[in-house]
Amino acid sequence: MSALVCVARIGAAHGVRGAVKLWTFTEDPFAVRHYGPLLSKDGKRQFEVATAREARDHLVATFKGVTTRDEAEHLNGIELYVPREKLPATDADEYYHTDLIGLAAVTTDGEPLGRVLAIHNFGAGDIIEIAPPKGATMLLPFSNAVVPEVDIAGGRVVIALPQEIEGEDGGSDLSARRPRLVRKAHGGGDP
């Protein structure tokens with residue numbers, strides 16, 4: 001089986017008929033209905049979305065075979081995965097988190113920095129986390145200025161360390177600082 005990609009997480013029960021809150025990590029929240037059976041992290045359990053409707057910041061969903069609040073409560077916290085090949089292809093300069101995690105990170109001079117540990121978004125744009133061989137991890141903006149090259153086939157990302165871009169004119173060129181689009185679906189590791 002190919003790598004699994006986390007596309008959603010089941011939250012608390014909603015109502016008395018087996019519905020749950022469902023947080024999706026896909027560009028289109030309703031896409032989870034079209035990937036076929038969703039799998040638990042270990043691949044041993046399958047879930048099929050029966051219904052889904054939009055709520056404030058999540059979906060309210062039911063799964064086939066789950067009809068009571070008690071059954072729904074036992075699902076709280078389960079992450080749902082699909083095989084990577086079931087996800088749509090990405091456009092240029094668009095990446096799934098799972099495709100970036102584990103890539104080598106090198107400076108613009110080709111010096112090794114470490115590996116991509118994770119991609120985060122705390123509300124102000126995507127952040128790339130680099131784990132060096134020693135020391136604390138680095139959190140850097142995932143922007144064209146800081147990450148000028150992503151070479152998935154070559155297994156690396158090029159990082160322009162912040163001290164190399166501090167002297168840039170901070171005036172009008174916002175495109176250099178604008179984060180690239182990164183699809184929310186992330187890899188089989190922890191979110």
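## Isoleucine 130 and the S11–S12 pairing

Start with isoleucine 130: its bridge partner in S12 is methionine 138. That bridge belongs to the pairing of strand S11 (residues 126–131) with S12, where the two run antiparallel and four bridges join them. Keep in mind that this is a predicted model.

## The six-stranded sheet

S11 and S12 sit in an open sheet of six strands, and if you walk across it the order reads S12-S11-S10-S9-S14-S13. The pairing here is mixed. As a reminder, strands of a sheet pair through backbone hydrogen bonds, either parallel or antiparallel.

What stands at the edges? That would be S12 and S13. Each has a single partner strand, so one side of each is left without a neighbour in the sheet. As for the twist, neighbouring strands of this sheet are turned by 35 degrees against each other on average, ignoring direction.

## The S5–S6 hairpin

Earlier in the chain, S5 and S6 make a hairpin, with four residues between them. Strand S5 covers residues 49–54 and strand S6 residues 59–63, and they pair in the antiparallel sense over five bridges. If you want a landmark in this hairpin, look at threonine 51, which stands opposite threonine 62 in S6.

## Two aromatic pairs

How many aromatic pairs turn up? The count comes to two. In one of them, the rings of phenylalanine 47 and phenylalanine 63 have their centres 5.7 Å apart, with planes at 65 degrees; over 60 counts as edge-to-face, so that is what this pair is. The pair links distant parts of the chain, since phenylalanine 47 is in strand S4 (residues 46–47) and phenylalanine 63 is in strand S6, 16 residues apart. Both phenylalanine 47 and phenylalanine 63 are buried.

The other pair is tyrosine 95 with phenylalanine 142: ring centres 6.4 Å apart and planes at 90 degrees, so edge-to-face again. Tyrosine 95 is in strand S8 (residues 95–96), while phenylalanine 142 is in the loop between strand S12 (138–141) and strand S13 (149–151), so the pair ties together parts that are 47 residues apart in sequence. Tyrosine 95 counts as buried because its relative accessibility is 8%, and phenylalanine 142 counts as buried at 1%.

## Aspartate 99

Aspartate 99 has its place in helix H2 (residues 97–100). Buried or exposed? The relative accessibility of aspartate 99 is 19%, and the cut-off for buried is under 20%, so aspartate 99 counts as buried. Setting aside neighbours within four places in sequence, aspartate 99 is in contact with Arg84 and Ile152.

Note on methods: Residues are numbered from 1 along each chain as its sequence is written. This is a predicted model: local features need pLDDT of at least 70, side-chain atom pairs count only at pLDDT 80 or more; totals for chains, interfaces and linings use all residues. Side-chain values use heavy atoms; hydrogens and water are left out. Buried means under 20% relative accessible area, exposed over 50%, partly exposed in between (1.4 Å probe, protein chains only). Contact means heavy atoms within 4.5 Å. Two strands pair if DSSP finds at least two bridges between them. Rings of Phe, Tyr and Trp (its six-membered ring) pair if their centres lie within 6.5 Å; planes under 30 degrees apart count as stacked, over 60 as edge-to-face and the rest as tilted. Axes are lines fitted to C-alpha atoms, for helices over the stretch in contact, and angles run from 0 to 180 degrees between N-to-C directions.
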